[in-house]
Amino acid sequence: MALSYLRSSSSSSANLKLLSSAVSIRRPISTDTTPITVETSVPFTAHQCEAPSRSVETSSSELLNFFRNMALMRRMEIAADSLYKAKLIRGFCHLYDGQEAVASGMEAAITKKDCIITAYRDHCIFMGRGGTLLEVFAELMGRRAGCSKGKGGSMHCYKKDSNFYGGHGIVGAQVPLGCGLAFAQKYSKDETVTFALYGDGAANQGQLFEALNISALWDLPAILVCENNHYGMGTAEWRASKSPAYYKRGDYAPGLKVDGMDVLAVKQACKFAKEHALKNGPIILEMDTYRYHGHSMSDPGSTYRTRDEISGVRQERDPIERVRKLILSHDLATEKELKDIEKEMRKEVDDAIAQAKESPMPEPSELFTNVYAKGLGVESFGADRKEVRATLP
Amino acid sequence: MLAISRQRILGQSFQKIRPAVPGLRSYSSAAKQITVREALNSALDEEMSADPKVFLMGEEVGEYQGAYKITKGLLEKYGPERVLDTPITEAGFTGIGVGAAYYGLKPVVEFMTFNFSMQAIDHIINSAAKSNYMSAGQISVPIVFRGPNGAAAGVGAQHSQCYAAWYASCPGLKVLSPYNSEDARGLLKAAIRDPDPVVFLENELLYGESYPVSDEVLDSSFCLPIGKAKIEREGKDVTITAFSKMVGYALKAAEILEKDGIYAEVINLRSIRPLDRSTINASVRKTNRLITVEEGFPQHGVGAEICASVVEESFAYLDAPVERIAGADVPMPYAANLERMAVPQVEDIVRAAKRACYRSVPLAATA
């Protein structure tokens, strides 16, 4: 039984030993798949469809996986914050801490044959799809070991072999692209779906409605997921959207409003949406979530919202704390065991950062690679074409 | 009455005896002629037949048989799953096409004219052209964006712009522009087979023009290389580069110039990006003079790039400054006389070639 979705196979057996030695006196926790039923924090609100049940089936194993994955994501984003302040990460860096339940819950409901596409707040989605910490940190620092060999940066992580299509910098563009993935899945008769993630800021983009219209006309298995963290950069949703009921904005397309800080609610909604989309075409999921950081590392995040609001959400709705309470109340692990997992995640992150720092920057010749898939032996030029020329492979 | 119907029956049975593609078989030794429209249609047909991943998308491509009838008959042959009529939402359907290409399909997206591609240009540049680079080779985008480009006749400013220079400046894109039927067939087939995003700039006024095509061109495996220009007419005195409709004008200009003893070498670019710099430079090194011709706006145009390339690579070979013939530096007017002044005419090319060949007025030093 896999311990987590995020770990490479070499370390998982070592950690299994670590955990089982820590709990050798107690019952095995992380491999227990006995079903446990939990109620979501709030019921789902539905538009043009019947909401799924609030009762979600889970297990000890799944809950511990959620805890582990989200703790890893949290640790990774906080470490990225430090690296950015240390100037090891340049340019844009959009952090996801607070929103981990969306990435984690979604993965639990789908397979790697389903597609995910998102905008620039993509590090944790990439991890959920099976990416490694090293690939993320090296990419953020522009090194060879990065998932895009250092040529993409924070906003351009991709993992095609697990159907993760990025990582997009242009707000809203990923939604039609996602509908295109769904088109291709239907064309190929793959019986899989695409989740196209976007924010409350992107929800007003015209191209989203154009793509939704086509998806509904052609019955594409597209699920549009609005990660509503209530702020589009510095603009609160009520200042940007005449109607902030994003789950209803699909009009003819059904929608569901979900507590995005409740990983089980996310899982249930995504499972429901996948079944729906395969039969009936597009559906919108609005995940009510929150980001603790500002829009990006250049935004303190406190000029347009109060510190009380941020700490209030952290206290009342933090996704990791919710799962911790669930695990403890169902007596699935002790507080110490959970703290040990968090320490372990911290160590993994630190190790990955150390490894990423060792990775060199790309070779200068990489400037000219991948311009085309088939370069035809064409010439390309550097800033001074008499000095730097290359033949594209 | 009976005679007519008997003839019709005879004609029908003849149809059955004929080979599968009656339109394309020549019965004499003279070269077969096909229109650019037929060339494009047959190229699409053959590529769709050869590869089930190829599909068409655009406004009126299906039931209407194509706004300019380029996709005629394809809906009937391949069905609505492979020939898709879209709503009038360029940004949306172009994004959907690019997303399908991410997954591995091979979309051919039609813009009714390239003027409308501006509504979708973010997807062409940021979602298609740059993806292979940003993903270090993980996400390639085997898509073709095709449609009429440049001036038509009397369609006014918003429907007449040439986009060759804009798209050709972007690394990650390939930009092709056919002139005749051979170009249309060979380049479109190459574009569809190519794993990178290709912008395919046609010309509305050429769709109905017929050109001779050899049996080789008509074969379903026919393909032209991307990035290679064609020397349409050899000459020794001046090089004229052109693409699309202007190739025809350049050839007419060359005939007129020949009467005055000037032998022009006409280069049909075929590929705007990659630009065949070596063919252009080799020609200029032979003739020592260059005229660039294009329909689009002059500033930062295709001719500007060709001129810069020749100055960089073959400066010592130039006997005269490079001349640029381009569309007028104004939005396209409607009135017929003004429109005529806004696009290059054959006499403009002839005049420029003569200027490059001898000075009509001696140069004097200016203060």
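Visitor: How far apart do the C-alpha centres of domain 1 of chain A and domain 2 of chain A lie?

Guide: Keep in mind that this is a predicted model. Chain A is split into domain 1, covering 35–362, and domain 2, covering 363–392. Take the C-alpha centre of each, and the gap comes to 36 Å.

Visitor: How many residues does each of these two domains bring to the contact?

Guide: Let's take the two sides in turn. Domain 2 of chain A brings five residues. On the side of domain 1 of chain A, two residues are nonpolar, none is polar and two are charged. So to speak, that side's tally is four residues.

Visitor: Which residues of domain 1 of chain A lose the most area to domain 2 of chain A?

Guide: The area buried between these domains is about 380 Å², with carbon and sulfur atoms giving 37% of it. On the side of domain 1, three residues together make up 86% of what is buried. They are Lys149(A), Lys151(A) and Pro362(A).

Visitor: Which residue forms a salt bridge with Glu366(A)?

Guide: Two salt bridges are found across the interface of domain 1 and domain 2 of chain A. In the one with Glu366(A), the closest N and O atoms are 3.9 Å apart, and a salt bridge counts within 4 Å. The partner is Lys151(A).

Visitor: Moving on to both chains, what area is buried between chain B and chain A?

Guide: Here 52 residues of chain B touch 50 residues of chain A. Carbon and sulfur atoms give 63% of the buried area. The total is about 4,000 Å².

Visitor: Which three residues supply 20% of the area that chain B buries against chain A?

Guide: The residues on this side of chain B divide into 24 nonpolar, 14 polar and 14 charged. No other three residues supply more of the buried area than this trio. The names are Ile96(B), Tyr103(B) and Tyr133(B).

Visitor: Which residue of chain B forms a salt bridge with Arg389(A)?

Guide: The count between the chains is two salt bridges, alongside 24 residue pairs in polar contact. For Arg389(A), the closest N and O atoms of the bridge are 2.9 Å apart. The partner is Glu313(B).

Visitor: Which helix gives the most to the side of chain B that touches chain A?

Guide: Several elements supply at least two residues each, including strand 2 (54–58), helix 5 (121–129) and helix 12 (302–314) of chain B. The top contributor gives eleven residues. That's helix 4, which spans 90–103.

Visitor: Now inside chain B, how many residues of domain 2 are in contact with domain 1?

Guide: Domain 1 of chain B runs over 33–218 and domain 2 over 230–357. Their C-alpha centres are 26 Å apart. Domain 1 puts 31 residues into the contact, and domain 2 puts in 24.

Visitor: Which residues of domain 1 supply 24% of the area it buries against domain 2 of chain B?

Guide: The two domains bury about 2,100 Å² between them, 58% of it on carbon and sulfur atoms. For domain 1, three residues beat any other three in the area supplied. Meet Gly154(B), Ser177(B) and Tyr179(B).

Visitor: Which residue meets Arg270(B) in a salt bridge?

Guide: Between domain 1 and domain 2 of chain B there are two salt bridges and nine residue pairs in polar contact. In the bridge of Arg270(B), the N to O distance is 3.6 Å. The other side chain belongs to Glu182(B).

Definitions and conventions:
Residues are numbered from 1 along each chain as its sequence is written. Chains are lettered from A and ligands numbered from 1 in the order in which they are written. This is a predicted model: local features need pLDDT of at least 70, side-chain atom pairs count only at pLDDT 80 or more; totals for chains, interfaces and linings use all residues. Side-chain values use heavy atoms; hydrogens and water are left out. Domain bounds come from an automatic or database domain assignment. Contact means heavy atoms within 4.5 Å. Buried area is the accessible area (1.4 Å probe) that two parts lose on being put together, summed over both. A salt bridge is a side-chain nitrogen of Lys or Arg within 4 Å of a carboxyl oxygen of Asp or Glu. Ala, Val, Leu, Ile, Met, Phe, Trp, Tyr, Cys and Pro count as nonpolar, Asp, Glu, Lys and Arg as charged, and the others, Gly among them, as polar. A polar contact is a pair of N or O atoms within 3.5 Å; within protein, one must be able to donate a hydrogen and the other to accept it, and residues adjacent in sequence count only if both atoms are side-chain atoms. Helices (H or I, at least four residues) and strands (E, at least two) are DSSP runs, numbered from the N terminus.
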